[in-house]
There are 2 protein chains.
Amino acid sequence: MAEAVPGGFFGARFSLYPMTDRYVPVILGAIDGLAASSLEIETDDVSTFLGGDRDTVFAALAETFGKAARSGEHVAMTVLLSHGCPGEEVCLTPNAAPAPPGPEKSGLVRSGVQVSCQWSLYPLGEPTYMERIDAAIARGRSDGVHAKGRHFVSHLSGDLADVLTTIRRSFDATCEQVGHVTAHLTIAANSPTRKGTS
Amino acid sequence: MAEAVPGGFFGARFSLYPMTDRYVPVILGAIDGLAASSLEIETDDVSTFLGGDRDTVFAALAETFGKAARSGEHVAMTVLLSHGCPGEEVCLTPNAAPAPPGPEKSGLVRSGVQVSCQWSLYPLGEPTYMERIDAAIARGRSDGVHAKGRHFVSHLSGDLADVLTTIRRSFDATCEQVGHVTAHLTIAANSPTRKGTS
């Protein structure tokens with residue numbers, strides 16, 4: 001059920017994939033700080049939901065992936081960001097007026113972890129959605145993290161913090177205009193096949 | 001650039017994640033039939049794009065994940081389905097009239113692989129998008145693969161072929177009504193923590 005949350009309902013659903021026999025300890029080591037956070041956390045056999053304050057959610061995502069990548073293993077993480085609707089079963093806010101997310105109170109610290117990331121932005125119920133997507137692509141370019149446009153996704157590369165910051169700002173800017181917005185990210189590090197990203 | 005494709009542009013972008021030191025041979029073994037298919041294939045360090053006939057794309061996705069899961073390793077696969085727009089850089093069809101995808105010519109064969117899957121459907125540029133999403137949720141229930149509604153996703157479980165068939169039919173039915181449709185799937189098998197799915 002939807003709750004009255006200042007700035008509108010916001011949450012993330014992520015999965016972490018370490019490509020190693022040690023995937024369980026790598027995952028447990030990466031998420032060891034989550035339980036002590038202020039976030040609502042719900043884990044199942046496919047993914048983990050994080051609900052709560054945007055700064056805290058983005059910091060948790062950055063910390064989780066950063067820790068996993070520093071294991072040195074080839075790791076990937078997928079993230080679904082969603083603003084404005086807790087869905088699946090109940091959406092109380094289709095076509096709702098935008099509930100601006102509020103200002104970014106704290107930024108991410110440069111991580112030293114180089115990532116390759118593909119992402120897609122979905123402003124929902126919005127006839128002019130392509131304008132919002134175009135603005136996000138433009139921000140990736142002006143922020144210097146845009147690597148390449150590909151079918152269905154923007155390919156970004158750079159420091160984990162820089163890539164997540166560009167995505168967060170594009171996402172938040174879209175939420176200023178649209179009541180229900182989602183985005184999907186795939187972030188990878190330590191890939192043995194760094195090709196096709198330039 | 002967009003091409004004139006009967007039924008509208010359609011493609012999938014997938015990533016396969018075997019959680020094992022042997023991830024390279026598991027991936028290579030899973031995709032060994034792709035090169036001989038009729039599909040357009042483009043691989044980078046984050047994902048692989050498949051373009052072409054819908055039956056062939058879904059069969060390729062099922063075969064790839066099925067082979068990977070039969071390795072016995074804990075494996076996950078993410079898939080982005082997209083109809084109507086080759087994007088990222090250029091979308092020639094925003095708000096276009098629906099280009100129906102045409103009938104399903106061949107179905108998927110029961111795989112024997114049990115999967116847990118979370119997915120989200122995005123009918124874009126469509127004010128009544130929640131009605132389409134509700135129809136997809138209803139189909140999951142009537143097909144017997146709906147396990148649980150969660151924040152932002154539907155959680156399905158069952159045989160790989162049954163789960164993919166329900167998703168494909170929901171996706172195609174949405175394309176009958178909406179010009180630009182995407183969906184994101186996360187499919188997992190052999191998880192050591194099968195919890196929270198019922």
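**Sheet architecture, chain pairing and cysteines in a predicted two-chain model**

In chain A, eight strands form an open sheet of antiparallel pairing, in the order β2-β3-β1-β4-β8-β5-β7-β6. The edges of this sheet are held by β2 (40-43) and β6 (146-150) of chain A; each has a single partner strand, so one side of each is left without a neighbour in the sheet. Between neighbouring strands of the chain A sheet the turn is 20° on average, with direction ignored. The model described here is predicted.

Within the chain A sheet, strand β4 (residues 75-83) and strand β8 (residues 181-189) are paired in the antiparallel sense over 9 bridges. In this pairing Leu80(A) lies opposite His184(A) of β8(A). Helix α3 (residues 129-142) of chain A is packed on the sheet, where it touches β5 (114-123), β6 and β7 (153-159) of chain A. The direction of α3 of chain A makes about 160° with that of β5(A).

The segment after β8 of chain A contains Ser191(A). With a relative accessibility of 14%, below the 20% limit for a buried residue, Ser191(A) counts as buried. Leaving aside residues up to four places away in sequence, Ser191(A) touches His74(A) and Asp45(B). The contacts of Ser191(A) thus include a residue of chain A and a residue of chain B.

Chain B likewise has an open sheet of 8 strands with antiparallel pairing, and its order is β2-β3-β1-β4-β8-β5-β7-β6. Its edge strands are β2 (40-43) and β6 (146-150) of chain B, each of which pairs on one side only. From one strand to the next, the twist of the chain B sheet averages 20°. Strand β4 (residues 75-83) of chain B is joined to β8(B) by 9 bridges, and the two strands run antiparallel. Here Leu81(B) is placed opposite Ala183(B) in β8(B).

Two helices of chain B are described against this sheet. Helix α2 (residues 54-69) of chain B packs on the sheet and touches β1 (10-18), β3 (48-51), β4, β5 and β8 of chain B. The angle between the direction of α2 of chain B and that of β4(B) is about 170°. Helix α3 (residues 129-143) of chain B also packs on the sheet, with contacts to β5, β6 and β7 of chain B. Its direction makes about 160° with that of β5(B).

Strand β5 (residues 114-123) of chain B is mostly covered, with 9 of its 10 residues buried. On one pairing, β5(B) is joined by 6 bridges to strand β7 (residues 153-159) of chain B, and the strands run antiparallel. Trp119(B) stands opposite Ser154(B) of β7(B) in this arrangement. Another pairing links β5(B) with strand β8 (residues 181-189) of chain B, again in the antiparallel sense, over 8 bridges. There the residue opposite Cys117(B) is Ile187(B) in β8(B). Cys117(B) has 0% relative accessibility and therefore counts as buried.

Over all chains, the structure holds 0 disulfides. For Cys175(A), the closest cysteine sulfur is that of Cys85(A), at 12 Å, which is too far for a bond. Cys175(A) counts as buried, at 0% relative accessibility. Cys117(B) is likewise in no disulfide, and the nearest cysteine sulfur, in Cys175(B), is 17 Å away.

The two chains are related by symmetry. A turn of 180° with a shift of 0.0 Å along the axis lays chain B on chain A with an RMSD of 0.0 Å. That is the relation of a two-fold axis. Of the interface residues of chain B, 100% are also interface residues in chain A, so the copies meet through the same surface.

Confidence was considered for the model and for chain A. The model scores ipTM 0.92 and pTM 0.92. Chain A has a mean pLDDT of 89, and 88% of its residues reach 70 or more. Over residues 1-5 of chain A, pLDDT stays under 50, and for this stretch the model has 4 contacts beyond four places in sequence.

Technical notes: Residues are numbered from 1 along each chain as its sequence is written. Chains are lettered from A and ligands numbered from 1 in the order in which they are written. This is a predicted model: local features need pLDDT of at least 70, side-chain atom pairs count only at pLDDT 80 or more; totals for chains, interfaces and linings use all residues. Side-chain values use heavy atoms; hydrogens and water are left out. Copies are superposed by least squares on the C-alpha atoms of residues with pLDDT of at least 70 in both. Contact means heavy atoms within 4.5 Å. Two strands pair if DSSP finds at least two bridges between them. Helices (H or I, at least four residues) and strands (E, at least two) are DSSP runs, numbered from the N terminus. Axes are lines fitted to C-alpha atoms, for helices over the stretch in contact, and angles run from 0 to 180 degrees between N-to-C directions. Buried means under 20% relative accessible area, exposed over 50%, partly exposed in between (1.4 Å probe, protein chains only). A disulfide is a pair of cysteine sulfur atoms within 2.5 Å. pLDDT is the predictor's confidence in each residue, from 0 to 100.
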